[in-house]
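Let's take a walk through this one together, starting with the overall layout and then moving on to individual side chains. Keep the viewer open as you read.

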Amino acid sequence: ARAAAATARARAAELAAAEASAALESARTDAAARRVAARARAAEAAAADAEVARLRVQAEREAGRAAAAAATNERLATLQDYLKVLRPGGIAALLLEKARALVARFINDGLRELGAPLEADLTPEFALLQRARPGQTSAGPWLAASLASGYQKFVLGLAARLALWRLTAAPRLDALFIDEGFSSCDAEYLEGLGSALEALASAPNAPRLVFVVSHLDALKTRLERVLEIRRGPHGSRVMNAATETKSLPAAPAAIQSAPALAAALAPDPKDPAKLWCRACRQSLNAGNGPRHLSSQKHERAART
C-alpha cells in the first residue's frame, strides 16, 4: 500500500511538473508574442511620427505658398485699382489734361515775355506745336515744333524751360542757363531777346541768375557781368571782360555826374536801387544804364 501511494505521488509529481513545464512554455510563447507585438507597435509609432513630421513640413511649405498667394492677390487688387484710375477718362487722364493746359499757358506767357510772335500748344501726348500769334500775322495752322525755323525752335525751347522752371514743385537751382542759340536770331529778334533777358533778370518770378553762353559780341552790352574765354599758347583762360559791372556806374547816384545819363535815366520810383529809362519806360539794373543807352532799342524809343 505504501508503494502504491508512493507511486501515485510520483505520478502526481510528474503530472504537476509536466503541467508546470507546459505553463512555462506557454508563458514564454506569450512573452515572445508580446515582444513581437510591442516591436510592431513601436515600428508603427515611429512610422506615425515620421508621417507627422513630413506633414508638418508640408504644412509649413503650404503656409508659405498661401502667404505668397495672398500677397500676389493683394498686388493684383492694387493693380486693378490703378487700371481703374488710368483708364481713358479716369482721374489720371483728367490730371494730365489739366497739367497740359497749365504747361501750355505758361509756355505762352514765356513767349510773350521773350517778345516772340508765336503761340504754342501741346498735344495730348505733350508734343509741342507752334504757329504765328493771331494779330501779328495770319495765325495759320498748328505745326510741329520740329518744323519751325532756328529762331522759333530756340525761343520755344527757352519758353518751355522757363515754364517748367516756374511750375516745378521739386527743389530747383535758382538759375537759367542758355547755351548758344542766339546766332539763329536776326538783328531785330536779337535786340528783343536782349531786352527780354534784361527784364527777366529783375522779374520776381524768374531765376535770380541768367547765365548766357554766346560768341556774339552784340550780347556783351546787354549782360551785367561778362566773362571771356580766351585761348592762349598755354591753353584757355577765363578773364573779366572790359564791360564788367565794376567798371560801370554802380548806383543811381552816379547819374548826377553824367549829364547824358541824368537826362535819360532816373532812379526807379518803385525801387531806388534801380534806374528808370524815361524813353523806354523800363526798369534797369543800376550797372546796365550806359549799356542800355547805347542799345538799338533805346535809340528807337528815343527817336519816337
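How many helices and strands does the secondary structure of the protein chain come to? Seven helices and ten strands. Bear in mind as we go that this is a predicted model.

A few overall numbers set the scene. The protein chain has 304 residues, and buried ones make up 28% of them. If you look at contacts with a separation of 6 or more, 43% of them are accounted for by residues 24 or more positions apart. On the outside, the chain exposes about 19,800 Å², with carbon and sulfur atoms supplying 60% of that area.

Now for the rings. A pair of aromatic rings is described by the distance of the centres and the angle of the planes. The structure holds three aromatic pairs, and two of them are worth pulling up here. Begin with Tyr-151 and Tyr-189: their ring centres sit 3.9 Å apart and their planes are at 0 degrees, so this pair is stacked, given that planes under 30 degrees apart count that way. The pair also links distant parts of the chain, since Tyr-151 belongs to helix 3 (residues 150-167) and Tyr-189 to helix 4 (residues 187-201), 38 residues apart. What about their surroundings? Tyr-151 counts as buried because its relative accessibility is 6%, whereas Tyr-189, at 28%, is partly exposed.

The next pair is Phe-177 with Phe-211. Here the centres are 5.3 Å apart with 40 degrees between the planes, and the pair is tilted. Once again distant parts of the chain are linked, this time through strands: Phe-177 is in strand 4 (residues 175-179) and Phe-211 in strand 5 (residues 209-213), 34 residues apart. Phe-177 has a relative accessibility of 41% and therefore counts as partly exposed; Phe-211, at 37%, is partly exposed too.

Those two phenylalanines turn up again on the surface. Which residues make a nonpolar surface patch of about 450 Å²? Leu-173, Phe-177, Leu-209, Phe-211 and Val-213 do. Strand 5 gives the largest share of this patch, with three residues, and Phe-211 lies in that strand. So Phe-211, with its 37% relative accessible area, clears the cut-off of over 30% that patch residues need.

On to the cysteines. A disulfide is a covalent bond between the sulfur atoms of two cysteines. How many disulfides does the structure hold? Zero. Cys-280 shows why: the closest cysteine sulfur to its own is in Cys-277, 3.7 Å away, and that is too far for a bond, the cut-off being within 2.5 Å. Cys-280 is buried, with a relative accessible area of 16%. Cys-185 is buried as well, and its relative accessible area is 11%.

Last stop, the charged side chains. Side chains of opposite charge can pair when their charged atoms come close. Searching the whole structure turns up seven salt bridges, and we can visit some of them from the N-terminal side onward. In helix 1 (residues 2-86), Arg-65 and Glu-62 lie three residues apart, about one turn of the helix. They form a salt bridge, and their closest N and O atoms are 2.9 Å apart. Glu-62 is partly exposed, with a relative accessible area of 37%.

Helix 2 (residues 91-113) offers another example. Arg-100 and Glu-97 are three residues apart there, so about one helical turn separates them, and their salt bridge has its closest N and O atoms 2.6 Å apart. Which partner is buried and which is partly exposed? Arg-100 counts as buried at 14% relative accessibility, while Glu-97, at 39%, counts as partly exposed.

Finally, look at Arg-166 and Glu-113, whose side chains meet in a salt bridge of 2.5 Å, N to O. Arg-166 lies in helix 3 and Glu-113 in helix 2, so this pair ties together parts that are 53 residues apart in sequence. Arg-166 counts as buried at 16% relative accessibility, and Glu-113 counts as partly exposed at 35%.

Notes:
Residues are numbered from 1 along each chain as its sequence is written. This is a predicted model: local features need pLDDT of at least 70, side-chain atom pairs count only at pLDDT 80 or more; totals for chains, interfaces and linings use all residues. Side-chain values use heavy atoms; hydrogens and water are left out. Rings of Phe, Tyr and Trp (its six-membered ring) pair if their centres lie within 6.5 Å; planes under 30 degrees apart count as stacked, over 60 as edge-to-face and the rest as tilted. Helices (H or I, at least four residues) and strands (E, at least two) are DSSP runs, numbered from the N terminus. Buried means under 20% relative accessible area, exposed over 50%, partly exposed in between (1.4 Å probe, protein chains only). Contact means heavy atoms within 4.5 Å. Accessible areas come from the Shrake-Rupley method with a 1.4 Å probe; for residues, only the protein chains shown count as cover. Patches are made of residues with over 30% relative accessible area and no salt bridge: like charges are joined within 9 Å, nonpolar side chains (Val, Leu, Ile, Met, Phe, Trp, Tyr) within 5 Å. A salt bridge is a side-chain nitrogen of Lys or Arg within 4 Å of a carboxyl oxygen of Asp or Glu.
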